[in-house]
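I opened this entry to keep a record of what I looked up in the model, residue by residue and then helix by helix.

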Amino acid sequence: MNIDNIALVRATNVIPFDGVMRPISETPYLKRNFNLAYSSEIHTMLVEEGLLPQFDWSKADDDSYLEEYRKTLANIKNDYIPYNSDYNSMILFSLNGLVPDDSEVSFGNNTFFDKKCAVIDALSQHIDQVVSLVPTDTAVKGSIELSKDAIVLIEEKYYESLPDELKAKLFECDFEKRVFDGSLKEAVKETLASTGRYIPEELSLSRKDRGYRDSDTKEMTLATIDNIAKERDIAQVLHFDVLTGKSADKDKLSSVKDEYDNINLVFDYYQEDFYKYLFEHMPVNDMLQSKLLSNLHSSIDIKELCGVIKEFGLDNYKQIVMSYNSLLENKRSSGELLTPEEIVSLQRKDTIIKK
């Protein structure tokens, strides 16, 4: 077994119609970030105002209830939390199988089984872009031009719903296209096996499993991945460790050493932008404005702002948030929204000028 028997696999809802997969850093990207201090304080305020449903602890072991409750909270909070963005100059893949949902290890909210598309390509075709080689968390730096070896799986109903011009664009690409019905995980497994080249493995997020559940081929697959990494001096760390640089392979991650800082630069850019928009549409005293703009994520100052929001009226505040979010969506549609990479460049240039 060698590198030709290892496949990159990614579940996604973004079909590479032009044959190129792009990292978040290179696309105009918007998302609501529920993990920021601002979002956390808004959540607390909504709880205090009775706008979020109470959790039913008698159903704490019911996965379907947990998922539905999470979606309900997100749908309500979406109206009160402004868009932010993110930064990632890498695209993450699993190797020789579909990565499990985070729920397998009872933390996180990433899901993959419900994606409309999966991309499979040969590791050998992109090995020079690989930053870290791990069964569940292989990081590839920059945009990826799919090779002729690639196979793109698309859910049949979703494919049929695509306009003819997108179908035509897709079929202009050199890679193989297949539709599937049913389980994406099974479709990936069957596709890998059908190539006669890749050995499908059952992936695991449990660290004790080292990436794969037990199988007759697990140790051979792991040994092959380990050999590839050592021969090419590639790091073998999880994405979190890539971001923080806290690993024995830190020296091998120089190409992404600024990744964590760049993420925060993007967070700050959007948080400041929202504050300025909010201050234009809602009365906030100069002292509080100054404190928030000088310390964007201060929980103490955000709590004070929440008090102002309550006085102003949550419905009025919600209209401001929805207006701001619509403005950003319109910028994205018109091609005016900056990519995270462009934001980072601007922020760093601005820092140099201020110095």
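**Strand residues**

I began with Val-119, which I found in strand 4, residues 117-122. I kept in mind throughout that the model is a predicted one. Is Val-119 buried or exposed? Its relative accessible area comes out at 0%, so I noted Val-119 as buried, the cut-off for that being under 20%.

I then listed what Val-119 touches, leaving aside residues up to four places away in sequence, and obtained Leu-8, Val-9, Arg-10, Thr-12, Pro-16, Met-21, Leu-146, Ile-151 and Val-152. For a separation in space I took Lys-77, which is 42 residues from Val-119 along the chain, and the C-alpha atoms of the two are separated by 32 Å.

Next I turned to Ala-11, which lies in strand 1, residues 7-12. Ala-11 has a relative accessible area of 9%, and I therefore entered Ala-11 as buried too. Here I paired Ala-11 with Asp-114, 103 residues away along the chain, and found their C-alpha atoms separated by 8.7 Å.

**Nonpolar cores**

Which residues of the largest nonpolar core touch the most other members? Of its 53 residues, I noted Tyr-38, Ile-42, Tyr-275, Leu-278, Leu-305, Ile-309 and Tyr-317 in that role. The elements that give two or more residues to this core are helix 1 (37-48), helix 2 (63-77), helix 7 (239-244), helix 8 (259-281), helix 9 (286-294), helix 10 (299-312), helix 11 (314-334) and helix 12 (340-354). Helix 8 gives the most to this core, with 10 residues.

I followed Ile-42 separately and, again not counting residues up to four places away in sequence, found that Ile-42 touches Tyr-80, Ile-81, Cys-306, Ile-309 and Tyr-317. I also recorded a second, separate core of 33 residues, among them Val-140, Ala-150, Cys-173 and Ile-225.

**Helix packing**

Two packed helices are described by the angle between their axes and the distance between the axes, so I looked up both for each pair.

For helix 8 and helix 9, I found that the axes come within 10 Å and cross at roughly 165 degrees. Angles over 145 degrees count as roughly antiparallel, and I therefore entered helix 8 and helix 9 under that term. Helix 8 passes helix 9 in a left-handed crossing. Helix 8 brings Glu-272, Tyr-275, Lys-276 and Phe-279 to the contact, and helix 9 brings Gln-289, Leu-292 and Leu-293. Sorted by class, the contact of helix 8 with helix 9 has 4 nonpolar, 1 polar and 2 charged residues.

I then asked which residues of helix 8 and helix 11 meet. On helix 8 I listed Tyr-270, Asp-273, Phe-274, Tyr-277, Leu-278 and His-281, and on helix 11 I listed Tyr-317, Ile-320, Val-321, Ser-323, Tyr-324, Leu-327 and Leu-328. The residues of the contact of helix 8 with helix 11 divide into 10 nonpolar, 2 polar and 1 charged. The axes of helix 8 and helix 11 come within 10 Å and cross at roughly 130 degrees, and the two helices are therefore oblique to each other. The crossing of helix 8 and helix 11 is right-handed.

The last pair I looked up was helix 9 and helix 10, which pack at an angle of about 140 degrees with their axes 10 Å apart. That makes helix 9 oblique to helix 10, and the crossing of helix 9 and helix 10 is left-handed. In this contact Leu-288, Lys-291 and Leu-292 in helix 9 meet Asp-301, Ile-302, Glu-304, Leu-305 and Val-308 in helix 10. By class I noted 5 nonpolar, no polar and 3 charged residues for the contact of helix 9 with helix 10.

**Positive phi in loops**

Finally I checked backbone angles in two loops. Phi of Arg-210 is near 60 degrees, a positive value in a residue other than glycine, and I placed Arg-210 in the loop between helix 5 (184-194) and helix 6 (218-232). With a relative accessible area of 44%, Arg-210 is partly exposed.

Where is Asp-233 found? I located Asp-233 in the loop between helix 6 and helix 7, and phi of Asp-233 is near 55 degrees, again a positive value in a residue other than glycine. Asp-233 has a relative accessible area of 51%, and because exposed means over 50%, I entered Asp-233 as exposed.

Notes: Residues are numbered from 1 along each chain as its sequence is written. This is a predicted model: local features need pLDDT of at least 70, side-chain atom pairs count only at pLDDT 80 or more; totals for chains, interfaces and linings use all residues. Side-chain values use heavy atoms; hydrogens and water are left out. Helices (H or I, at least four residues) and strands (E, at least two) are DSSP runs, numbered from the N terminus. Buried means under 20% relative accessible area, exposed over 50%, partly exposed in between (1.4 Å probe, protein chains only). A nonpolar core is a set of buried Ala, Val, Leu, Ile, Met, Phe, Trp, Tyr and Cys residues joined through side-chain atoms within 4.5 Å. Contact means heavy atoms within 4.5 Å. Axes are lines fitted to C-alpha atoms, for helices over the stretch in contact, and angles run from 0 to 180 degrees between N-to-C directions. Angles under 35 degrees count as roughly parallel, over 145 as roughly antiparallel, 65 to 115 as roughly perpendicular and the rest as oblique. A crossing is left-handed if the near helix is turned anticlockwise from the far one by less than a right angle, and right-handed if clockwise. Ala, Val, Leu, Ile, Met, Phe, Trp, Tyr, Cys and Pro count as nonpolar, Asp, Glu, Lys and Arg as charged, and the others, Gly among them, as polar.
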